[in-house]
Every structure is written in C-alpha cells, then in structure tokens.
Amino acid sequence: MEITLKVFRYNPEKDAKWHYETYVIEGQPTDRVLDLLEYVKGYIDGTLSFRRSCAHGVCGSDAMRINGRNRLACKALVRDVGTKITVEPLIGLKVIKDLIVDMEPFFDNYKKILPFLINETPPPADGKERYQSPEDRAIFDDTTKCILCACCTTSCPSFWANDDYVGPAAIVNAHRFIFDSRDEAANERLKVLNSMFGVYRCHTIFNCTEACPREIQVTKAIGEVKMAILRGKIK
Amino acid sequence: MQSRPAPQPGLTFEYLMWLFIRISGLGLYLVALVGVTAALVMGARTQLDMGTLIRWTFFPNSGHVANAGVDLELGWVSLLWQIMQGMAVVFGVTHGMNGLRNILEDFISNKGTRLVVRVIIILLWILFLYAAFTLVLSDTL
Ligand code: FES
C-alpha cells in the first residue's frame, strides 16, 4: 500500500528554519513507523536523523510525535496510525536535528530524584540478598517498567511551560524507589518532590498516562507520591 | 520491612497551599450548602426568585435579598451569616488567587518576574479581602 510520510526536518547548519518533507513510499500495514523512517534514510535521503537502538520498545530511544501523539516509532504500526503519517520531534525539548531532541534537561530532572538504590545498612549476615516479599515488590511494580523514553514528560503541559518542573518521568522513577522496601532514602526524594518544582506542578492532566508506551499509570503514581507527602509516611 | 524511619518531608509553602486548595474547595461547598438550606427554611421558596437564591447561596449577604420583599429580621442578618460570608470570601479569594499564582508560575521561569508576579498577587489578594470585609462587616440590621 502507498504511505504518505510527512517528516519534520531541520538541519541547524544549513536551514534557517525547520520545514516538512513528504515522502510517498510503499509499505505494509504491519510495518512500523520506524521501518518507514529507516527506508527513507536508507534509500531516499541519508541525511534524515533520528535516534533508535533496540527497535523493540525496550531502550526508549525513538520516542517521537506520530500523528500528534507521543509514541515509540518502533511500536507504532501503520495499521494503527493510518497511511497518512506525520512524524515530528518531541515538544518541550530543543531540537538538535530533524527528530533528535536535546535530552539533557530531561535527564537533569531525572538526576534530581536520586534514581538509584540507597541503603546504608550492612547486607544480611550471609552477604547475599536483601529479601523483599512479593507483596512489597508489587507496590512499585508498575513504575519499574519505565524506559526513560520521555514520552510522558514531553506530553505534559506543565513541563512545556517550564522545564524546571521535574516532570512525570522523574516522579515515576522516584516512586520506584520511594516505595521500595529495600531503599532508605524516601525522605530525601520526597523532599525534592515537595518543593516548588516537584509534584505540585502536576495538575492531574493525564496526558502522561495517555502517552506512556509501557502503559504505566503515571498520574496514579504521581498521586501516590502526593499522598506519601501528605501522610508523612509511605505505607 | 521498612528499614528507615518514616519520611518527614516537612511543611513547605507549596504543600500547605496544595492542602488549602483542597480543604477550601470543600469548605466552599459547605458554605453554599448551609446557605441554600437555611434560605429555603427561612422562606426562600415563596419569596425569592432563582437568581437571588443562588446569589445568596454563594454569598449570604442581606443585600442580595433586601429588594425581594423578605423580612430581614426573620434571620437573614446575623453573626452566623457574617461568619459564613467571611468564610466564603477567605476561601474563595485565596483559592482563586493561589490558582492564578499556580498557573502564572507554571509559565514563568525567570526568578525575578516570578517574584514580581507573586507580590502583585499578594497585593490583589489583600485588596479583595479588604473590600469584601468592608461589605461583610457592614451587613448588620
Ligand atoms: S528503538 Fe528502542 S524503544 Fe524504540
């Protein structure tokens, strides 16, 4: 079938302004948008730039706006998005070239919430595992699924307005450690999120939940963090 | 197995305002509920038109019903209603002003501009409260 692929193009070294380029190509309903982009890059215009790595929805490299919605190009099938496809870079982050955006502000916010396990107690006597019950694990199971693709954060109007806001992705990852029974730094993380640019810039818009390619209940996780701050405890 | 003491993230201004917004939202419903119930008991069903009743409901000031021909001495003016008006004003104005602050601060990343906006909002807040309380305090027989 014939597919009309309209792609956002911008080369800061040559173009004064961005523009759209339209490619009419042959494809299958089961093709992924990533396949189409690869085709254009391989056979039509080698200067087209985009990030990708795993091509299987695991690494989070190829988040982009497909027909106005944040998705992973490697998970969006032609069958689901139609034969007229517009591909644009994520919004709220600076475009470096074509579909590549500057992820630095995103990762700066991510770093603010200490995204690593903190546990100062010496490990158990046998020197092996710190045990956790399946029930305790289930509490934060949903937020462990995050692949840091930035679909949620760049769909959030509060983040568009102001990138000082830590954003949904950072809160999801804070949630993953705050509610982990093996972690000991919930307090420090909640302190960061209980500030002007923490959870209170979330106005429960739900764009993040809608955008997440891993189907994480992002807004719910943010709500649980708000409740943890409100109640002063995490259980 | 919680290996650390419960977190104490502390009371920040943003936290307190977030909490206040929720409580004042419910508080405004309470004021309206008391207002409309009492008005119906005091005879609004036959004496007030819908518009007047609604104005009274959200701001139980006798000025709203004075022209409707009700007898103000039958409970329409009292300390209770002054307190209710006070609550409506404090909750409503603070709720609204903080909402405005929130939205504006979403869009302002410059620290200086943010401070200026905050000061303007506080001044507006004081002005509104002052004007409203002048009205509330003069609502006597
Ligand atoms: S390329 Fe890895 S998530 Fe799409």
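**Exercise 1. How many helices and strands does chain A have, and how much of the chain counts as buried?**

Step 1. Start with secondary structure: chain A holds nine helices and seven strands, where helices (H or I, at least four residues) and strands (E, at least two) are DSSP runs numbered from the N terminus.

Step 2. Before going further, note that this is a predicted model, in which local features need pLDDT of at least 70, side-chain atom pairs count only at pLDDT 80 or more, and totals for chains, interfaces and linings use all residues. Residues are numbered from 1 along each chain as its sequence is written, chains are lettered from A and ligands numbered from 1 in the order in which they are written, and side-chain values use heavy atoms, with hydrogens and water left out.

Step 3. Of the 235 residues in chain A, 51% count as buried; here buried means under 20% relative accessible area, exposed over 50%, and partly exposed in between (1.4 Å probe, protein chains only).

Step 4. Along the principal axes, the C-alpha atoms of chain A fill a box of roughly 60 × 40 × 30 Å.

**Exercise 2. Describe how domain 1 and domain 2 of chain A meet.**

Step 1. Set the bounds: domain 1 covers 2-101 and domain 2 covers 104-231 of chain A, as given by an automatic or database domain assignment. Their C-alpha centres lie 29 Å apart.

Step 2. List who takes part: 14 residues from domain 1 and 15 residues from domain 2 of chain A are in contact, meaning heavy atoms within 4.5 Å.

Step 3. Now the area. The two domains of chain A bury about 1,100 Å² between them, with 59% from carbon and sulfur atoms; buried area is the accessible area (1.4 Å probe) that two parts lose on being put together, summed over both. On the side of domain 1, A:Asn70, A:Ile91 and A:Leu93 supply 41% of the area buried against domain 2, more than any other three residues.

Step 4. Check the polar side. The rule finds zero salt bridges across this domain interface, a salt bridge being a side-chain nitrogen of Lys or Arg within 4 Å of a carboxyl oxygen of Asp or Glu. There are, however, five residue pairs in polar contact between the domains (both at pLDDT 80 or more). A polar contact is a pair of N or O atoms within 3.5 Å; within protein, one must be able to donate a hydrogen and the other to accept it, and residues adjacent in sequence count only if both atoms are side-chain atoms.

Step 5. Finish with the element: strand E4 (residues 69-72) of chain A gives four residues, the largest share of the side of domain 1 that touches domain 2.

**Exercise 3. Which residues form the salt bridge across the interface of chain B and chain A, and what surrounds it?**

Step 1. Count the residues: 22 from chain B are in contact with 31 from chain A. Together the chains bury about 2,500 Å², 51% of it on carbon and sulfur atoms.

Step 2. The rule finds one salt bridge across this interface. A:Arg201 pairs with B:Asp106, and the closest N and O atoms are 2.5 Å apart.

Step 3. Add the polar contacts: eight residue pairs between chain B and chain A (both at pLDDT 80 or more). On chain B, helix H1 (13-41), helix H4 (79-107) and helix H5 (111-137) each supply at least two residues of the side that touches chain A.

**Exercise 4. Trace the salt-bridge network that includes B:Glu14.**

Step 1. Name the members: B:Glu14, B:Arg101, B:Glu105 and B:Arg118 are linked in a network of salt bridges.

Step 2. Take one link. B:Arg101 bridges to B:Glu14 with closest N and O atoms 3.2 Å apart. This pair joins distant parts of the chain, helix H4 and helix H1 of chain B, 87 residues apart.

Step 3. Take another. B:Glu14 also meets B:Arg118 at 3.7 Å, N to O; here helix H1 and helix H5 of chain B are linked, 104 residues apart.

Step 4. Compare burial. B:Arg101 is buried at 5% relative accessibility and B:Glu14 is buried at 7%, whereas B:Arg118 is partly exposed at 23%.
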